[in-house]
Amino acid sequence: MTESPAESTTPAAPGRTACGIDIGGSGVKGAIVDLADGSLVGERVRIDTPQPATPDAVAATVAEVVKQLGWDGAVGITMPAVVTGGIARTAANIDDSWIGTDTVALFSAALGGVQVTVLNDADAAGLAEDKYGAGKDAAGVVILLTFGTGIGSAVLTDGVLVPNTEFGHLVVDGKEAEHRAASSVKEREDMSYKHWAKEVTRVLTHIEDLLWPDLFVAGGGISKKSDKWIPLLTNRTPIVPAALLNTAGIVGAAMAADSAARGSAQAQILASANS
Ligand code: BGC
């Protein structure tokens, strides 16, 4: 049974839960999520990302996180990569050996054959922010950007995600967006918020001129200090800080797992790309 995009905004029945795992450069984090409101059920489990972060090593860590959560159902997993038809296609800030890996087969085997959905990390955060967080009351086109080691992006229209946008790699005035305005650049080059905000404005200007969104949501760790830089941006599109902060990836991954279990239209969009 498929679900139309409009139906996908219907609140979940109270008590329905799903498991989400967020694979980052330093930690693999997971939790069980209450889909009625996007809150975590019980504790979040975090294990350091193994180094080198090869597919087999990361899959074993994911299995350990799921075991510690005591979960044996479908699992949603985020990766900092383009994932189409379950295959990782890029590795901008992760081990190159991921490219071409069938991530769904890898994680499903490590988890004893359960249904697995794998999606881009920023896409997961976008799903979660749009449904439960900073974008929940927004109509139209919402673009979430995560500012971290790189820049991740998610584009949603009325709750439906267009997966695998990679605005972090948009070339803005001769330089990739994430090499100008990721928060890692601010740190590395010891930039002031004022200087960094100019770079962020420059990147957002390119995006807003191409997509004309109704709202930008700024995510990533630096959104916790949004009062120091969001007021300095001079873009025409309203921009708000992410609300879920470090749980957005987990929550979005859980939403994707639940969509797959229900065979929703969004799950079909995520699963069928390029396959
Ligand atoms: C990757 C994206 C990812 C983002 C945030 C970028 O370098 O290309 O796929 O979403 O970093 O992790």
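**How the ligand sits in this model**

The shell around the ligand divides into five nonpolar, four polar and three charged residues; here Ala, Val, Leu, Ile, Met, Phe, Trp, Tyr, Cys and Pro count as nonpolar, Asp, Glu, Lys and Arg as charged, and the others, Gly among them, as polar. This is a predicted model, where local features need pLDDT of at least 70 and side-chain atom pairs pLDDT 80 or more, while totals for chains, interfaces and linings use all residues. Residues are numbered from 1 along each chain as its sequence is written, and side-chain values use heavy atoms, with hydrogens and water left out.

Q: What makes the pair between Asp121 and the ligand a polar contact?
A: A polar contact is a pair of N or O atoms within 3.5 Å; within protein, one must be able to donate a hydrogen and the other to accept it, and residues adjacent in sequence count only if both atoms are side-chain atoms. An N or O atom in the side chain of Asp121 is 2.5 Å from a ligand oxygen, so the pair counts.

Q: What about His169, how far is its side chain from a ligand oxygen?
A: An N or O atom there is 2.7 Å from an oxygen atom of the ligand, so this pair counts too.

Q: Why is the ligand said to lie between two domains?
A: Because domain 1 (17-123 + 247-273) and domain 2 (134-243) both give residues to its shell. The bounds come from an automatic or database domain assignment.

Q: What makes the peptide bond between Gln51 and Pro52 stand out?
A: The bond is cis, with omega about -5°. Most peptide bonds are trans.

Q: And what is notable about phi of Asn164?
A: Phi is near 70°, a positive value in a residue other than glycine. Most such residues have a negative phi.
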